[in-house]
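Colleague: I am new to this structure. Please take me through some of the labels and the reasoning behind them.

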Amino acid sequence: MEISLLREFIMLSQTLNYTKAAEILHLTQPTLSKHIVAMEKELGCSLLERDRRRVELTEAGNVFAAAALQMVDTYDNARDTIHEIQTHTPLKVTGVMSDSAIASIASIASTFLDAEGEPPIVYTPISETSYLESLLNGEFDIALASADLDVLDDMGLAYAPLIRSPFVALVSLDNPLSSLKRVTMDDLRNYRFVKFADTYALGGWANIERVCQSHGYTPRTRTVLGRTHMNYCTVPLGVEDVMILQASTPQLRYLSDFAKVAVLPVADDDATFRLYALYKKDNFERVRAALDAYGRARKIIIGHGKGGALVESD
């Protein structure tokens with residue numbers, strides 16, 4: 001039996017007046033009557049004796065009223081205790097914290113949460129590709145990462161959009177594409193894609209591969225080992241190589257000063273890196289405040305433009 005129904009019965013048992021109880025509960029009198037009848041049917045007994053002049057509790061009604069008070073008190077105490085635990089237990093968040101946009105969102109969101117007295121957040125960089133399993137196992141409350149959205153619902157996971165950063169293609173100045181102002185994914189189909197093999201890049205590569213496949217091809221690759229997000233831009237590019245990075249990568253604005261590469265925006269609407277705040281559906285209440293703070297922080301960052309490097313997420 002729902003707690004809300006128990007509260008209705010308790011109010012009616014205290015007022016012994018359907019009209020007054022319904023008014024206090026912000027219900028219509030017929031609705032309250034319907035709920036009481038449903039309770040009596042479930043319990044298999046009459047809880048109230050009623051005629052035109054009065055309403056009285058039956059013997060069973062007195063017993064149930066005492067039990068209902070105890071059950072509601074137990075529920076309220078448990079709820080308050082859980083809230084207290086959640087208030088003082090830090091949220092555990094993993095993510096691609098080396099991404100500049102994610103780091104900015106997390107930093108701004110922390111300011112909001114601290115000012116509002118919400119639980120603190122402990123951030124851990126993603127160190128493996130099984131972060132969805134880590135969410136399901138309760139090792140983390142939120143993962144700030146990429147994901148195949150089609151599989152989340154069946155896994156019991158949900159998401160909130162964080163960033164959508166367009167692809168840019170880096171090619172050597174000897175590459176025939178270097179003279180163009182922008183390219184499409186179809187322009188890149190016959191080139192060799194640089195594939196970074198570090199943990200940070202694996203999710204991003206899965207995104208690149210999905211986009212290529214949606215354009216009708218599987219990219220040829222050259223795997224680069226031992227790199228980090230700090231030096232992606234310094235990888236030497238052959239004449240047939242193309243490197244895909246996100247437009248929000250801070251180093252891009254300085255490349256012309258030290259690297260012989262052309263930076264070409266990719267024009268296709270679907271050629272974007274997408275990162276989300278991922279969480280278990282049944283953990284929503286615990287992460288609600290953090291998700292709200294991330295959303296507000298994201299709007300601030302997008303509102304500042306970032307030179308067009310970040311756009312509103314889907």
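Modeller: What follows deals with aromatic pairs, a charge over a ring, and two helices in a predicted model.

Colleague: How many aromatic pairs are there by the ring rule?

Modeller: The count comes to five aromatic pairs.

Colleague: Why is the pair of Phe193 and Trp205 called what it is?

Modeller: The ring centres of Phe193 and Trp205 are 6.4 Å apart, and a pair needs centres within 6.5 Å. Their planes stand at 70°, and planes over 60 degrees apart count as edge-to-face, so this pair is edge-to-face.

Colleague: Which parts does the pair tie together?

Modeller: Phe193 lies in strand 7 (residues 192-196) and Trp205 lies in helix 8 (residues 199-214), so the pair ties together parts that are 12 residues apart in sequence.

Colleague: What makes Phe193 and Trp205 buried?

Modeller: Buried means under 20% relative accessible area. Phe193 has 1% and Trp205 has 7%, so both residues count as buried.

Colleague: What kind of aromatic pair do Tyr279 and Phe284 form?

Modeller: The pair of Tyr279 and Phe284 is tilted, with 6.0 Å from centre to centre and 40° between the planes. That angle is neither under 30 degrees, for stacked, nor over 60, for edge-to-face.

Colleague: Are Tyr279 and Phe284 buried or exposed?

Modeller: Tyr279 is buried at 9% relative accessible area. Phe284, at 29%, falls between the cut-offs of 20% and 50%, so Phe284 counts as partly exposed.

Colleague: What sits over the ring of Phe112?

Modeller: The charged end of Arg296 does, 4.5 Å from the ring centre. The distance limit for this label is 6 Å.

Colleague: How do you know that the span of helix 1 agrees with its number of residues?

Modeller: Helix 1 (residues 3-15) has 13 residues and, at 1.5 Å a residue, should span 18 Å. Its end C-alpha atoms are 19 Å apart, which agrees. Just after helix 1, Leu16 takes a positive phi of about 50°.

Colleague: What makes Ser13 of helix 1 buried?

Modeller: Its relative accessible area is 16%, and the cut-off is 20%, so Ser13 is buried. Leaving aside residues up to four places away in sequence, Ser13 touches Leu57 and Ala65.

Colleague: What span should helix 10 have, and where does helix 10 bend?

Modeller: The 20 residues of helix 10 (residues 284-303) should span 28 Å, and the end C-alpha atoms are 27 Å apart, which agrees. Helix 10 bends by about 25° at Ala290. Ala290 is among the buried residues of helix 10, which also include Arg286 and Tyr294.

Conventions:
Residues are numbered from 1 along each chain as its sequence is written. This is a predicted model: local features need pLDDT of at least 70, side-chain atom pairs count only at pLDDT 80 or more; totals for chains, interfaces and linings use all residues. Side-chain values use heavy atoms; hydrogens and water are left out. Helices (H or I, at least four residues) and strands (E, at least two) are DSSP runs, numbered from the N terminus. Buried means under 20% relative accessible area, exposed over 50%, partly exposed in between (1.4 Å probe, protein chains only). A charge sits over a ring if NZ of Lys or CZ of Arg is within 6 Å of the ring centre and within 35 degrees of the ring normal. The expected span of a helix is 1.5 Å times one less than its number of residues. Contact means heavy atoms within 4.5 Å. The bend at a residue is the angle between axes fitted to the seven residues ending there and the seven starting there.
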